[in-house]
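Dear colleague,

I am passing on the structure we spoke about, together with some notes on how its strands are arranged. Please have it open beside this message as you read.

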Amino acid sequence: MQLKIHNTFSGKKELFVPRDPNRITLYACGPTVYNYIHIGNGRPAVVFDVLFRLLKAGFPNVAYARNITDIDDKINAAVPDSNDKNAAIRELSDYYSEAYTKDVSALGTLTPTFVPRATDHIEEIIALIKTLIERGHAYAAEGHVLFDVPSYADYGQLSNRSLQDMLDGARVEVAPYKKDPKDFVLWKPSDDKTPGWDSPWGKGRPGWHIECSAMIHKHLGPSIDIHGGGSDLIFPHHENELAQGRCAFSDEPFANYWMHNGMLTLGNEKMSKSVGNIETIRDLLKDFRGETLRYALLTGKYRSPLSWSRELVAQAKSSLDRLYQSIMQVGDTTGSATSLAYSEVNIKDLPPAVVKALSDDLNTPLALAAMHEIAGDINKSDDPKRKAELKTQLLASGWLLGLLTYTPATWFQGEDKREIDETDIQALIAERNQARSDKNWQKADEVRDHLLAMNIELEDTASGTRWKTI
RNA sequence: GGCUGGGUGGCAGAGAGGAUAUGCAGCGGACUGCAACUCCGUGUACACCGGUUCGAAUCCGGUCUCAGCCUCCA
């Protein structure tokens, strides 16, 4: 597979050369769990899920880790003071951790190979901090341990900024125990109301950044192929992860390729909790299927900002309808019914246009266009054998993008929005068809309008009358 | 101020020196009892100003403008 990846580190599109073709390693930053995630948080989950699927189709073994950060001061702050605040914090992070998994699963993401949680890796984190101190890249001060930024000459390489740039207009926190204003916290002291673990530096908890370095090391190794996340993580999160990884583990690149997805905007501004312009996946799922949301997320290239709107989702729904319509046209009797049957598909059995698009730095809009070409060919062909072949291609492509997971019947006749049950629909259709054979058009139209008022649309085909929920 | 990446038809969004992107919506036609689905047809689209070139939306320079990061953020 000739996969090209835009590498944030070099700022260029590069040919992907695995460290070991027999074990591809991919890490994507997951959420800090203290509330429901919004659709912008879902983007990296979906984008790196597509990458995971593509890699799986091209390589025998792909190890994909997507972490959950369940120790953070924002989580602590989200819980009111109480007798057992620690237990309450744990409960909260457990709850939102499950909510996260549920939400991204609704977006059709596969379960990653590893879903490590920060609090399950305190030992590794402490060991990592020890190593950094031993190697002269970190120091303890007043119960804290700090990373010594000036000790790492390459600091700033990933985010392409010089130390001087960072100081200009800097809003870095200047604490008395810091040797340098840019030094960042690896470990900080905890009081009784804050979760903490015993450590050589007293009871405390890890800072942000260090948990990712530790989990990557444990599950994937000292160096990995691809590290991904949102573009807002480039600095400082990934820069710091990189510094920790390089200083602790090896002189090899911490990650060979860094990939960053662009932000979703809502109303000309980045969707973010602090601005308040968010749409949670929970809320969106009340009106749309997860697959529709996923399609909407994939209509833009992952690196570009994507302006989110209900209209975008509505367009995604119509576009998916077209794909499902063409599959339905072939009929359920021929071949597999959904893309789920193609989970073991190999790159060589997929439509070249789709593979080519995705291999070019995950060009999902182009891949979707290729799928629509296939759908159009299905509709235009009158050779049943050819249609069946094309349907196979379409569904296999669907697997790669995580779409077309429904049977057409379920897609169009799903129960989520229906206000009438199926037997009644069938009875009304029979009534209307009787009226039609009597050439009682007025009656026939009345029945059709009646159904339409209940969001049921009819299609008279050569093989009978079909209905769908709109 | 520094660093990124953008500005494409009503909307979304690819492409990237000479090509029909694709989808949604609209319009005309075929099919249909009428529709729906589907098919066929349909858009002087590439922010602006210069330059390079036989030829530029695509390259170069400048202008305007938008978003992101520089602080927690996906």
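**Antiparallel sheet**

I begin with one residue pair: F147 has F184 as its bridge partner in β7. Before going further, please keep in mind that this is a predicted model. The pair just named belongs to the contact between strand β6 (residues 144–147) and strand β7 (residues 184–189), which run antiparallel and are joined by 3 bridges. On the β8 side, strand β7 again pairs in the antiparallel sense, and 3 bridges connect β7 with β8; here W187 stands opposite P206, a residue of β8.

These strands are part of an open sheet of 4 strands with antiparallel pairing, in which the order is β5-β6-β7-β8. The edges are taken by β5 (138–141) and β8 (204–206), and because each has a single partner strand, one side of each is left without a neighbour in the sheet. On average, and with direction ignored, neighbouring strands of this sheet are turned by 20° against each other.

**Parallel sheet**

What order do the strands follow in the open sheet with parallel pairing? Reading across it, the 4 strands come in the order β4-β3-β9-β10. As β4 (62–66) and β10 (255–261) stand at the edges with a single partner strand each, one side of each is left without a neighbour in the sheet. From one strand to the next, the twist in this sheet averages 15°.

If you would like a place to look at the pairing in detail, I suggest strand β9 (residues 224–230), which runs parallel to β10 and is joined to β10 by 6 bridges. Within that pairing, I224 has A255 as its bridge partner in β10. Across both β9 and β10 lies helix α7 (residues 234–248), which runs at about 160° to β9.

**Domains**

For orientation along the sequence, chain A is divided into domain 1 (4–266), domain 2 (308–407) and domain 3 (422–469). When the centres are taken over C-alpha atoms, those of domain 2 and domain 3 are separated by 30 Å.

With best wishes

Key:
Residues numbered from 1 in each chain as written. Chains lettered and ligands numbered in written order. Predicted model: local features only at pLDDT ≥ 70, side-chain atom pairs only at ≥ 80, totals over all residues. Heavy atoms only, no water. Domains from an automatic or database assignment. Pairing = 2+ DSSP bridges. Helix = DSSP H or I, 4+ residues; strand = E, 2+ residues; numbered from the N terminus. Axes fitted to C-alpha atoms, helices over the stretch in contact; angles between N-to-C directions. Contact = heavy atoms within 4.5 Å.
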